[in-house]
Amino acid sequence: MARKRVVFLNSLWFLKWIILASLIFFLTISIKVKAEIPIYQAQDLTQKGYILLHQGQPKAALQAWEEAEKRYNSQGNKEGVFESLSNQSLAFQALGLPRRACLVLTKALNIEELICSSTETGTQYLEHLQDILQKKLNKPITITAIINLGDTLRSLNNLEESQVVLQSALFFGQPSDHLLMSLGNTQLSFYKRTRNRLKNTSKNVVKEEILESIKSQAKSALDFYKKLEFSSSMKIVLKSKLNRLKLLIELRQITKEFQIDNEDIFHLIRQLSNSNFDIFSDSDIDSVYTRLNFIDSLINLIQKNIKITLDNRKLLDISLKYSQESLQLAERLYNSRAISYAYGYLGKVYSILGLNVESINSFKKAIAVSQSDKQWDIAYQWQHSLGGKYRDNGSFNEAKEEYDAAINNINKIRQNLLSYAEGQYDFLEKVEPVYIDYVNMLSENPNFSKETVIEVYKQLQTVQLENLVQCQKNETLNTNKSNFEFPVIYLINLGERVDVFLKFQGKLHHHSPNYKEVKSYLNSLIKNIQDENYSSLSESRTILYSQAIYKLVIAPIEQYLPSNGTLAFVLGDEFQNVPMSLLHDGKNYLKNRYSMTVLWGLDMPIPRPLNLNQMNALLAGMSKEGPSFKNRYAPKRLSPLPDVEREILSIKKYLNNSLVLLNEEFTSRKLQQAINNGYSIVHISTHGQFSSELKKTMILTWDEPLNIDEMSNLLQNRKDNSIDLLVLSACEAAKGDRRSMLGIAGVAFQAHTRSTLASLWLVDAKSTAILMADFYSNLKDGKSKAEALRLAQIHLSSQPEYSHPYYWSPFILVGSGV
């Protein structure tokens, strides 16, 4: 019996171990299964993100990839986290948030965030970046992230950085289709940037240089796209052909030098019209956008009147077919952006076909869809198109409503347009034309208030300025929105029209001179004053052209002007390279009667007269060559300015409290430290240039150039947010840039200055030193800034060796002249 009990107890003990072992086994399995569930879920979320992105739902895709990152992170799956971050950058790009995309990728790749800023990085940093990236080329997933980074940098308009990043990926081996497409797209962006320079260039020599760059960049982009026509992916082949077609059409219009055969365009169109656009599934948003891309090229071909074997009717039939298909596909996807674009392009096609009712209805539907989803970036385009239809039909009140609505929507998205490269390219091609068309319609129609013309034009100049400096206007200075005590003359030229407005003593006077005559004399005068030997050319030629301009532009409003005092000018593009002091009334230059200041779109800052005895000043400059002369972004062929030291010392005696930074002391770091101490007057005598391009507007410190963006950064920690007077005495306008005064306005805008004194061309250093000393002497005597400059110019021109306008006329005052 005892033996049986022992056997039974041993059996229980054995059973206990079996049960315990079973529990451990099942527990282990359970833990393993639970551990694997998040991984499977993360993989599902990753795939879900791709599907949502292809359906045109980037916000939902981002949420899926952010959740996938959390799941992978909880498991310590570094590769999964890396992939999730790389995917998130795609969603941010699709949402129009390239900086967020860039920051996510720098986190994934473990590189500095500096690359995502608009600050110039320089050659040394780019070489350092390339070395870092090449060391990371160990896995396909890393290559994909690096290509995504190159795409993102392109969207930020950091093109040099984009090219370096993408070229580093070439070291991994045979380039992928994705990489070749990205390299082609970056070259295309280089081309677009250079093309915009061409639009703002007036000098033939500079135009020739720009055209050479355009040819090189366009050829490089076309070569990359051509390689992709041999891809095994039909989707890639289709997209590369669409890119080639768009670029060839544009090149054909810009210049005949490219020798593009119209038959090449015809063959591409024939290939594309026979292509199977259905290679994209109905659930892929690209099925819509590739068709719309094709339609856009066909419409451009028709509007630019480029003749090919196919007639316009056949092109329109193809466009109509694909517009209707795009609309059907977009509606199946329930994608409001795609639906709005499809209706908009349908409206364009109907308009060219002469089907006005159908065109207007399509534009209205496009606007309704985009507005219902608060997609203002699409709505303003169709409102602009609809406004143009109404204007052409003579329905001016309806056109005005649409233009007003378009500008209202532009105001809602201005900051977004400034944050990425395509937004900046869109500005010249899509945003600026809204204002130009609106101003021209208002000017031509006597039933509209001329005050409205002025207000819209001021808005245009404000957004031009914001586009240059890539940030939105802040109300940092109190402005005077009431009537000025002195006359304001608006010289507005948009398209093939010039309008002159005089606003004075509560009255508005207007006339419109002959555009061709004004343009002819302006071009002759600009060619004259931009001649490298201008100082040795006969003054009579300057007087001939400037007198003719005066008779056409100023003489008709002369009776409403006071006999002397201050004039303020708001200048259109064609007038911005001409100092108004140079205009001649037949007896004297305008500066003999009036002091002058230039306003730029913004309201006049409330005057704050200078008291040199109570104000402190920062005086900085370079009299000899510094390291910054050799910087790749510095203007070419610079020479030292030995008279700068004399200029600064002669100014210093008129100022009771001043700090001098000369040559080696004038570094970017010391300049920042000094400016942050809150100087009321900042006088900088150094090489620099003003341009309609952000990175080409700069001043040179001893160690490096500072562009507009970097100047703004200098002022971030400033005690007092505004500078009363900024003087840039040795800078000049970029050669051939017809919007160079925009650069001067940009500097004033970013420096938060009430007044900025600068020159349109580099002048003899000795005469500049004399003029600047007189200017500060006049300020010391209590004269206004504008009057102080006028008297200094008169005194300089009275000296026989400096009587030629080359010496005294280029100095202009921007902002408050008080």
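Start by selecting Ser 729, which counts as buried because its relative accessibility is 4%, under the 20% cut-off. Keep in mind as you go that this is a predicted model.

**Stop 1: around Ser 729**

Colour by secondary structure and you will find Ser 729 in a loop, with strand 14 (725-728) on one side and strand 15 (732-733) on the other. Now show side chains. Which side chains make polar contacts with that of Ser 729? One is Glu 647, at 2.7 Å. Another is Ser 685, at 3.1 Å.

Next, widen the selection to the residues in contact with Ser 729, setting aside those within four places in sequence. You should pick up Glu 647, Ser 685 and the neighbouring entries His 683 and Ile 684. The list also takes in Ser 759, Thr 768, Met 772 and Phe 811.

**Stop 2: Glu 645 in helix 22**

Move to Glu 645, which sits in helix 22 (residues 644-652). Is Glu 645 buried, exposed or partly exposed? Its relative accessibility is 37%, so Glu 645 counts as partly exposed.

Select Ser 623 and Leu 662 as well: Glu 645 touches both of them, with residues up to four places away in sequence not counted. Then draw a distance from the C-alpha of Glu 645 to the C-alpha of Ala 769. The two residues are 124 apart along the chain, and the distance comes to 9.2 Å.

**Stop 3: the disulfide**

How many disulfides does the structure hold? The count is 1, and to see it you should select Cys 102 and Cys 116, whose sulfur atoms are 2.1 Å apart. Cys 102 belongs to helix 4 (residues 98-109), while Cys 116 is in the loop between helix 4 and helix 5 (122-135), so the bond ties together parts that are 14 residues apart in sequence.

Look along the S-S bond next. Why is this disulfide left-handed? The torsion about the S-S bond of Cys 102 and Cys 116 is about -85 degrees, so the disulfide is left-handed.

Switch on a surface and check both ends. Cys 102 is buried, with 0% relative accessibility. Cys 116 is buried too, with a relative accessible area of 4%.

**Stop 4: salt bridges**

There are 28 salt bridges in the count, and a few make good stops.

- Select Arg 154 and Asp 151. Their closest N and O atoms are 3.1 Å apart in a salt bridge. Both residues lie in helix 6 (residues 140-155), 3 residues apart, which is about one turn of the helix. Arg 154 and Asp 151 are both buried.
- Go on to Glu 558 and Arg 593, where the side chains form a salt bridge at 3.4 Å, N to O. Glu 558 is in the loop between helix 21 (539-553) and strand 5 (565-571), and Arg 593 is in the loop between strand 5 and strand 6 (594-599), so this pair ties together parts that are 35 residues apart in sequence. Glu 558 is partly exposed, at 30% relative accessible area. Arg 593 is also partly exposed, at 22%.
- Now pick Glu 787 and Arg 790, a salt bridge whose closest N and O atoms are 3.0 Å apart. They are 3 residues apart in helix 27 (residues 785-797), or about one helical turn. Glu 787 is buried, with a relative accessible area of 19%. Arg 790 counts as buried at 13%.
- Finally, select Arg 195, Glu 250 and Glu 429 together. Salt bridges that share partners join these residues into one network.

**Stop 5: zoom out**

Clear the selections and show the whole chain as a cartoon. How many helices and strands are there? The protein chain has 28 helices and 17 strands. Of its 818 residues, 56% count as buried.

Switch to a surface view for the outside. The chain exposes about 35,700 Å², and carbon and sulfur atoms supply 49% of that area.

If your viewer can draw a contact map, open it to finish. Take the contacts between residues at least 6 apart in sequence: 72% of them join residues at least 24 apart.

Key
Residues are numbered from 1 along each chain as its sequence is written. This is a predicted model: local features need pLDDT of at least 70, side-chain atom pairs count only at pLDDT 80 or more; totals for chains, interfaces and linings use all residues. Side-chain values use heavy atoms; hydrogens and water are left out. Helices (H or I, at least four residues) and strands (E, at least two) are DSSP runs, numbered from the N terminus. Buried means under 20% relative accessible area, exposed over 50%, partly exposed in between (1.4 Å probe, protein chains only). A polar contact is a pair of N or O atoms within 3.5 Å; within protein, one must be able to donate a hydrogen and the other to accept it, and residues adjacent in sequence count only if both atoms are side-chain atoms. Contact means heavy atoms within 4.5 Å. Accessible areas come from the Shrake-Rupley method with a 1.4 Å probe; for residues, only the protein chains shown count as cover. A disulfide is a pair of cysteine sulfur atoms within 2.5 Å. A salt bridge is a side-chain nitrogen of Lys or Arg within 4 Å of a carboxyl oxygen of Asp or Glu.
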